[in-house]
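Here is a short briefing on how the helices and strands of one protein chain fit together. Keep the sequence and the 3D view open as you read.

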Amino acid sequence: MYAYIDGKLAFKSPSYVVIDAGGVGYHINISLNTYSLLGNAERCKLYTWLHVKEDGHSLYGFADEGERRLFLHLISISGIGPNTARMMLSSITPAEIQAAIISGNVALIQRIKGIGPKSAQRVILELQDKLRKEGPDTLTAAPLNKTVKDEALSALVMLGFARNAAEKVLEQEISKNNAELTVEQLIKYALKNL
């Protein structure tokens, strides 16, 4: 429902912030990772996710899109709710979590409070292939000036294609056509050949 909230940082604690945006104070739960990235800024922009349950609505905020994406992957696993995912993102950095999942490092994930051996194995089993497909740069902020190839590649990865295979197909098409191609033309070609 809310993609992000940008406004004046009215209150900041290690577990939540209050952002004043348009005269409304939004109580947003955050991880320690986001808390440390906020620093002493008076104004901030947090990427958000709204959790709706019977007894209330809770907003979760993230310093960048990559952390939010990893959070959404984590809560897709049975037995891991928003608070457990937030605890995971507070215990070790999103990059370390992603690396641990991809490499199958059960011990590192199991060291996180609230995650036992079975949960750690389930996280790795369910997310390892997804995170491998997305590639290692999914946690980094997207560049503002993306090329046509970058946009096409990002769209194909979001559709579920392996990054390496999509990149090869896009390279082939770009080398064949010296003319300027649109993102749509590149994606259509790639879909025919993947």
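The points below cover the barrel, the helices on the sheet and one helix pair. The model is predicted. Its 5 strands close into a barrel. Helices α2 and α6 pack at an angle of about 145°.

**The barrel**
- The strand order is β1-β2-β3-β5-β4, and the pairing is mixed.
- On average, neighbouring strands of this sheet are turned by 55° against each other, direction ignored.
- Strands of a sheet pair through backbone hydrogen bonds, in either a parallel or an antiparallel way.
- β3 (residues 24-29) and β5 (residues 56-62) take the parallel sense, pairing over 2 bridges.
- Asparagine 29 has tyrosine 60 of β5 opposite.

**Helices on the sheet**
- Helix α2 lies across β4 (43-53) and β5. It runs at about 15° to β4.
- Helix α3 (residues 82-91) also packs on the sheet, where it touches β3, β4 and β5.
- The direction of α3 makes about 20° with that of β5.

**The α2 and α6 pair**
- Helix α2 spans residues 65-75, and helix α6 spans residues 117-134.
- Their axes are 10 Å apart.
- The crossing of α2 and α6 is right-handed.
- From α2, the contact draws on Arg69, Leu70, His73 and Leu74.
- From α6, Val123, Leu127, Lys130, Leu131 and Glu134 take part.
- By class, the residues of this contact are 5 nonpolar, 1 polar and 3 charged.

Conventions: Residues are numbered from 1 along each chain as its sequence is written. This is a predicted model: local features need pLDDT of at least 70, side-chain atom pairs count only at pLDDT 80 or more; totals for chains, interfaces and linings use all residues. Side-chain values use heavy atoms; hydrogens and water are left out. Axes are lines fitted to C-alpha atoms, for helices over the stretch in contact, and angles run from 0 to 180 degrees between N-to-C directions. Helices (H or I, at least four residues) and strands (E, at least two) are DSSP runs, numbered from the N terminus. A crossing is left-handed if the near helix is turned anticlockwise from the far one by less than a right angle, and right-handed if clockwise. Contact means heavy atoms within 4.5 Å. Ala, Val, Leu, Ile, Met, Phe, Trp, Tyr, Cys and Pro count as nonpolar, Asp, Glu, Lys and Arg as charged, and the others, Gly among them, as polar. Two strands pair if DSSP finds at least two bridges between them.
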